[in-house]
Amino acid sequence: MSHNRSHSHNHDHGPGNHSHDDEVEPALQSLIWKQIDFESIRTLNESEPDQGAKIVEKTWPQRLDPEPMLESDSDEQILMFVPFTGVLKLHSVLVRSLEDSSAPKTLKLYLNRDDLDFSTASDLQPKQTLELSQTSEIQDLPVKRTSFGNTYSLTLFFEDNFGNDITRISWIGFKGEFMNLNREPVEVLYEKAANPKDHTLIQGVGDMASQGTRHGM
């Protein structure tokens, strides 16, 4: 099922004429992309190697592209480990899928764990559980910011879908505030540059999580 909750760009900027570029800017201000360690992403139960990494690698302008698509293999569950290159204060997870029964339904989030597989993830209490809608629009799923203020890596466990044997996801993104490992605050770079004073940078540092194993991370 296509699982997308479209993100609206209708923002009130006050009086005056604004181009579409101005309207896109607020959606990009906290988008995390360059700070993802793409090469270390691990996805369990993907039908083809590196499908999971490829959908995360899609840029904001590519978020609506139908391909590449992540599909589960032996059943509907998908487990994805996503490490970052520094410390992230996570605000939300963005998910896009298809509008059919293959859309993911339940997403469990685990913080700073590089050792999870399906068995351990099922037994472990998640940091947060998110319920997704059966839609083809981009879904912006807020997390409890107090629980994800020191994020080095995130494990996403798509536990079920809306009744299909296969789960399909076309894009995954993240919003948050970022800190480099060298302790120097960095401004997130966007397709359209945002005003630096619009950003609050997290003060913190941590070691990057190592990568997990496959189908039994």
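How many bridges join strand β2 to β4, and in which sense do the two strands run? Keep that in mind while you set up the view.

**Before you start**

This is a predicted model, in which local features need pLDDT of at least 70 and side-chain atom pairs count only at pLDDT 80 or more, while totals for chains, interfaces and linings use all residues. Residues are numbered from 1 along each chain as its sequence is written, and side-chain values use heavy atoms, with hydrogens and water left out.

**Stop 1: strand β4**

Select residues 78-96. This is strand β4. Strands here are DSSP runs (E, at least two residues), numbered from the N terminus. Of its 19 residues, 17 are buried, so β4 is largely enclosed by the rest of the structure. Buried means under 20% relative accessible area, exposed means over 50%, and partly exposed lies in between (1.4 Å probe, protein chains only).

**Stop 2: the partners of β4**

Now add residues 42-44, strand β2. Here is the answer to the opening question: 3 bridges join β2 to β4, and the two run antiparallel. Strands count as paired if DSSP finds at least two bridges between them. Pick R42 and look across to F81 in β4, which stands opposite.

Next, show residues 151-161, strand β8. β8 pairs with β4 over 7 bridges, in the antiparallel sense. Select I78 and find F158, its bridge partner in β8.

Move on to residues 171-180, strand β10. Its antiparallel pairing with β4 spans 10 bridges. Label R96 and W171; W171 is in β10 and stands opposite R96.

Finish with residues 139-142, strand β7. β7 and β4 are antiparallel too, with 4 bridges. S92 faces P142 of β7 as its opposite residue.

**Stop 3: salt bridges**

Side chains of opposite charge can pair when their charged atoms come close. The structure holds 4 salt bridges. The term means a side-chain nitrogen of Lys or Arg within 4 Å of a carboxyl oxygen of Asp or Glu.

Start with K175 and D140. Their closest N and O atoms are 3.0 Å apart. K175 lies in strand β10 and D140 in strand β7, so the pair ties together parts that are 35 residues apart in sequence. Are these two residues buried or exposed? Both K175 and D140 are buried.

Then select R168 and E71. Their side chains meet in a salt bridge, 3.1 Å from N to O. The pair links distant parts of the chain: R168 sits in strand β9 (residues 168-169), E71 in strand β3 (residues 70-71), 97 residues apart. E71 is partly exposed, at 25% relative accessibility.

Now pick R113 and D115. This salt bridge has an N to O distance of 2.9 Å. R113 counts as partly exposed because its relative accessibility is 30%. D115 also counts as partly exposed, at 40%.

**Stop 4: Q128 and L132**

Select Q128 in strand β6. Q128 is buried, with a relative accessible area of 11%. What is Q128 in contact with, leaving aside its neighbours within four places in sequence? Display L107, K108, L109, P142, V143, K144 and F148. Contact means heavy atoms within 4.5 Å. You have already met P142, opposite S92.

Last, step to L132, in the loop between β6 (128-131) and β7. L132 counts as buried, at 6% relative accessibility. Draw a line from its C-alpha atom to that of A103: the separation is 8.5 Å, with these positions 29 residues apart along the chain.
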